[in-house]
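Colleague: Could you walk me through the ring contacts and backbone oddities here? I have the viewer open.

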Amino acid sequence: MQDSVATSRSANAPSFERWRNKLFARLTSTQFLITMMLIASLAYLVVFPLFQLLWRTITWGSGDRRFNRDAVEGEFTSHHWYEVFVGDSSFELLVEPFWNTIVTGSIAAVIALLIGGLQAWVVVRTDLPGKGWLKTILTVPYIVPSFAIALAWETLFKSPNAGGQPGLFDAVFGIAPPEWLSFGPVPIIITMSIHYAPFAFLLVAGALATLDSELEECALVQGASRTQILWRITFPIVLPAFISAFILTFGKTIGTFALPFLLGAPVEYYTLGTMLFANIKLGLDAIGYILAIVLIVMAGIVIYFSYKVLGENLKRFETIGGKGFRGTVTKLGKWRWPVFSVTAAFAFIAAIFPILLLGYQSIMLIDGRFDLANLTMHYWTGESDPRYAFGEPGVLHNNVILGATWNTLKLAFISSVLAAGFGLLIGYIVIRGKVRWLSKLLDQIAFIPFLIPSIAFGAMYLTMFAEQRGPIPALYGTFTLLVIISVVNRLPYSVRTGAAAVTQLGQSLEEAAEIQGASWMQRFRRIIVPLTTSGIVSGMMVSFVGIMRELTLIILLITPDTRVLMTVGFRYAEEDQTQLGNALVLLVAAFTIIGELLIWWLGKGKLMRLHERRSE
């Protein structure tokens with residue numbers, strides 16, 4: 001008996017030893033260690049700030065003795081939550097801004113969806129002439145900062161009755177526009193609809209491009225009219241895309257800051273985002289943080305319903321199978337040129353006219369006078385003159401603007417490079433990771449910033465990095481903090497780009513290199529990175545353009561030493577220095593449009609190379 005037990009132990013010993021060595025090798029492998037470091041870093045930069053944000057709302061802060069003499073910093077309290085949800089100021093702090101957010105966001109999302117969906121249909125599914133350049137122009141309102149559209153609206157409908165100089169409407173017709181058209185919910189809804197219509201256009205266009213036209217052709221043969229086909233076949237099939245576009249567009253609108261602030265604050269019309277900003281600027285940080293949590297919860301509900309709707313309804317709307325696919329465009333006939341005229345006119349009004357209007361106003365010596373005798377290049381090339389713009393020199397001689405330009409380019413370049421690099425690394429681990437639950441956890445943490453509205457994300461980092469925490473110094477007011485938040489905010493997009501690039505690569509090259517003794521780091525550096533260069537560059541350019549026009553994300557974190565073009569332009573707009581503000585927005589718009597053209601050029605070159613390889 002003793003011999004059999006000894007034999008069993010001796011047989012199990014090598015097995016246990018092999019298992020232990022295998023576990024030790026996996027736990028000490030480069031890929032595992034990098035995965036754990038990334039999870040820990042992202043948890044600190046994404047998850048921990050959420051808890052820190054909540055913590056600041058349930059404890060007394062350093063400045064709360066203004067409101068309660070007995071307040072002791074760090075002690076628990078429900079005062080802030082009570083004040084927001086039940087207190088005497090609850091209606092002004094929460095109820096009214098919440099209602100304004102829902103009203104403006106939902107109406108703007110519906111209008112944007114109607115405009116974008118109709119444009120997508122005529123561009124993708126009809127024989128509309130000039131579709132190539134129309135598609136590019138129709139996306140411009142979303143490419144340029146929303147800030148630009150708000151300033152253009154102010155220039156057009158500014159009313160002396162609501163403060164400031166007369167706008168173009170007053171100058172042309174000789175009457176001041178009504179105040180409700182200058183400021184408040186109406187202009188906020190209209191401008192948000194214009195800004196987000198291209199977003200809905202791109203979402204719906206993607207669904208329409210994959211719609212098999214055989215059903216439509218069969219209905220046409222059976223005698224159905226074009227209108228019946230559109231409402232009974234085309235629209236029901238792309239209904240999930242419409243629902244998704246509405247939900248995602250609504251999610252975008254509730255986190256918008258610049259538009260409702262510029263067009264709502266002058267008449268004290270606040271949304272959650274602008275009320276958050278106003279409270280933090282007044283030193284009521286905890287109140288602002290509670291509003292940030294409300295925004296995060298709202299965004300989470302929006303994303304949940306987006307997945308819920310698509311997940312439950314997607315199967316019954318499938319139209320593309322394995323029997324071939326055909327997409328035939330609809331003939332507009334006699335309506336071809338009228339539809340083209342309407343589409344081109346809207347494209348000009350929404351995309352070209354605001355930029356031209358801002359450009360014209362930037363060369364007006366005195367705001368509100370639109371005659372040609374009032375034109376000047378002072379705000380672009382002039383020296384300091386105390387008679388104009390409080391002595392601020394023109395763009396080319398303004399050290400503040402030149403410094404902000406350098407900061408903007410530096411921030412966009414460094415952040416986009418880091419975002420693309422980390423996106424590729426995380427994407428590789430997500431696709432090729434050997435420990436699947438760790439890879440999935442890393443992917444989910446990296447996706448969290450997508451769920452958080454930008455203004456709330458900025459509030460999280462404000463409370464997180466306002467003071468030193470262990471070995472991490474207080475980063476508020478540093479350029480480093482702007483880079484960190486920009487990179488983390490772009491991770492949901494760059495990780496998807498990196499994962500898509502890695503998916504296209506076979507594993508045979510890596511396996512051959514591993515057999516030859518190459519380490520994981522060597523394989524990643526010499527195989528993965530070179531073969532995914534085009535994807536990295538494309539992802540980097542997308543991040544570059546997004547960071548260039550970013551305002552909402554960093555508005556709470558900017559100091560005089562870290563100013564960028566968008567924040568300087570925002571300050572000029574607040575101070576009613578219209579010409580300089582417009583000039584800076586035009587600079588950012590020019591940078592973003594050039595960046596988008598480069599993305600298009602790189603993408604076109606990639607598609608051409610792919611087509612050539614397939615045709616060989």
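Colleague: Are Phe277 and Phe570 buried or exposed?

Modeller: This is a predicted model, where local features need pLDDT of at least 70, side-chain atom pairs count only at pLDDT 80 or more, and totals for chains, interfaces and linings use all residues. Residues are numbered from 1 along each chain as its sequence is written, and side-chain values use heavy atoms, with hydrogens and water left out. On relative accessible area, buried means under 20%, exposed over 50% and partly exposed in between, with a 1.4 Å probe and protein chains only. By that scale, both Phe277 and Phe570 are buried.

Colleague: Thanks! How many aromatic pairs does a search of the whole structure find?

Modeller: Rings of Phe, Tyr and Trp (its six-membered ring) pair if their centres lie within 6.5 Å; planes under 30 degrees apart count as stacked, over 60 as edge-to-face and the rest as tilted. With that rule, the number of aromatic pairs found across the whole structure is 25.

Colleague: What is the angle between the planes of Trp133 and Phe340?

Modeller: These two rings form an aromatic pair with 6.0 Å centre to centre. The pair is edge-to-face, and the planes of Trp133 and Phe340 meet at 80°.

Colleague: And how many residues apart are Trp133 and Phe340?

Modeller: Helices (H or I, at least four residues) and strands (E, at least two) are DSSP runs, numbered from the N terminus. Trp133 belongs to helix α5 (residues 131-138) and Phe340 to helix α17 (residues 336-361). The pair links distant parts of the chain, and the separation is 207 residues.

Colleague: Which of the classes, buried or partly exposed, does Trp133 fall into?

Modeller: Its partner Phe340 is buried, because its relative accessible area is 16%. Trp133 has 44% relative accessibility, so Trp133 counts as partly exposed.

Colleague: Which ring does Lys410 lie over?

Modeller: A charge sits over a ring if NZ of Lys or CZ of Arg is within 6 Å of the ring centre and within 35 degrees of the ring normal. Lys410 is at 4.5 Å from the ring centre, over the face of Phe479.

Colleague: Lastly, what is the phi of Glu268?

Modeller: Most residues other than glycine have a negative phi. Glu268 sits in the loop between α14 (258-264) and α15, and is exposed because its relative accessible area is 63%. Although Glu268 is not a glycine, its phi is positive, at about 60°.
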